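Biologist: Please take a close look at a single helix and at what surrounds it, and then go on to some other parts of the same model. I am new to this, so please explain each term when it comes up.

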Amino acid sequence: MMMKRRKSDTFGPYGFDRREFLIGGGSFLLWLAAGQCSGSAMATGTPKFSIDPFSLGIASGDPTADGVVLWTRLAPDPLNGGGMPPAGVPVEWQVASDDQMQHVMKSGTSAALPDLAHSVHVEVRGLQPARPYWYQFRTGAYFSPIGRTRTAPAPGSHVDKLTFAFASCQNYEDGYYTAHRHMASEELDLVVFLGDYIYEGKARPGRTREHKGAEIMTLNDYRNRYALYKSDPDLQQAHAAFPWVVATDDHEVDNNYAGAVDQDGSPPKDFLRRRAAAYHAYYEHMPLRLSSLPKGAHMRLYRRLDYGSLAEFSVLDTRQYRTDQPCGDGHKERCAEAFAARSGLLGPAQERWLLSGLNQSRARWNVLAQQVMMSQTIEVAGTAKKYGMDNWNGYVAARARLLNFIQQRRPSNPVVLTGDIHSSWVCDVKADFDAAKSPTIATEFVGTSISSGGDGGINPQAEADRRLAANSHLKFFNAQRGYVRCALSPTQWQSDYRVVDAVSRRDAAMTTLASFVVENGRAGAQRK
């Protein structure tokens, strides 16, 4: 199959359509305008590849009512820097209304630039709302796989149903991505990935699969680690099946980092140099818009996505702007600093943005897609209660500001989606977790990991019983691997906890372990 061209097209010196190059993808001129590429990055023609350059697959993301971001990266030698020449390469793209790519709706050419590891980010516009599309890339004689994506409904339009999955934490060494293979067979409008897309640690012998080399620190290290993860066929399949909305947590940079503070006590300027490399590589490998292009160690990832009148997603960043863990990391009693107003996970600007958005939202369901446990959770019960300090439990005043706002301003049906913790939870979010008769004001669904943590605990029922006994607002706990499938309508939200038997086997079966429902106008989840 060849990508179609009109007879009237005028081709530039490198074999691509000059007019579509200027107005189709548009990304090359945007990079030039932003000063993002050097003279050596100018597109100079398509190399003659002897190996498929689309080794890392394709993806789409951040859908709007009239468009979506399309992504790929040229990497014929993915685990060794990519194997590309130090020059820009033109990549053609097409969007069609059918899975055979016969009815092309949009097309163009974008430049895969060495400064961005020869990745391509095409922001397609002019599509119809709330419908599926298919897309494909080509460079030279090679075609990418065909991907499927979907646009969002028109702003404010009535929407009867939205079905999506959310997931997080896919440590390559801990197991296979069997959950992604099952996810790809679902009928979904969207996937929300809440962080820990890669893990930064060194290779650990004896694992199900192994990282390559030492802990990653440099831009090239991060690029190779992303290439290792994205070479997985099940992950590629899930990306090709649906548009994704992505967010980072800690392992995209360093375990439990907080702002400019890493786990090892490095000088902030050294860690920020590492964070800049990590953010740059993250952008290179995700279907993100130009608005998220990092500027040094800073990257704008918090953003808002609308699905007609049915749902509004506030995607949060709880790492980049947070203060250091007030009482230190780990599980411990809370110190006075945990209650200080200056301690927070979102930073002042993002917190104002979140509260303003919730206050103005007219959506039926207001979704906070974020990384770490928001509900109060006692890890060790007794006279001296202990809490996890790396999540909202270590930032009590910041959580209280958000919960007080929700209780007073009453945005419609707030639902919190959480990853990070490698286990599944369902929580009633209380206005005051320490008051016995405090009202439930929101619902939190915590999804388990795709693979992190391996096949699970030795005695999962005993662990579940302990958690439930220590936390009265907790409705459900499980430590198997998988994801959460959510189906929304104007009258109810249903979350299905989908789990696999094991991640040490590629052929593990998947089942729905439990389902919970939230009714419109009634905070809190009920088991179905």
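Modeller: A residue is called buried when its relative accessible area is under 20%, exposed when over 50%, and partly exposed in between, as found with a 1.4 Å probe on protein chains only. The model is predicted, so local features need a pLDDT of at least 70 and side-chain atom pairs count only at pLDDT 80 or more, while totals for chains, interfaces and linings use all residues. Residues are numbered from 1 along each chain as its sequence is written, and side-chain values use heavy atoms, leaving out hydrogens and water.

The helix to look at is α5, which runs over residues 233-241 and has seven of its nine residues buried, so the rest of the structure largely encloses it. (Helices, H or I with at least four residues, and strands, E with at least two, are DSSP runs numbered from the N terminus.) In the first part of α5 the buried residues are Asp 234, Leu 235 and Gln 236, and they are followed by Ala 238, His 239, Ala 240 and Ala 241. These buried residues pack, with heavy atoms within 4.5 Å counting as contact, against the strands β1 (58-61), β6 (132-139), β8 (147-150) and β11 (243-246), and also against the helices α3 (178-184) and α4 (219-230).

One of these neighbours, α4, has a further partner in α6: Leu 219, Tyr 222, Arg 223 and Tyr 226 of α4 meet Arg 274, Ala 277, Ala 278, His 280, Ala 281, Tyr 282 and Glu 284 of α6. The residues of that contact divide into seven nonpolar, one polar and three charged, where Ala, Val, Leu, Ile, Met, Phe, Trp, Tyr, Cys and Pro count as nonpolar, Asp, Glu, Lys and Arg as charged, and the others, Gly among them, as polar.

Turning to the cysteines, the structure holds one disulfide, a pair of cysteine sulfur atoms within 2.5 Å. Cys 327 and Cys 335 form this disulfide, with their sulfur atoms 2.2 Å apart, and the torsion about the S-S bond is about -95 degrees, so the disulfide is left-handed. Cys 327 is buried, at a relative accessible area of 12%, whereas Cys 335 is partly exposed, at 28%. Cys 169 is also buried, at 1% relative accessibility, but the closest cysteine sulfur, in Cys 427, lies 16 Å from the sulfur of Cys 169, too far for a bond. Cys 427 itself is buried, at 0%, and its sulfur is 14 Å from the closest cysteine sulfur, in Cys 486, which is again too far for a bond.
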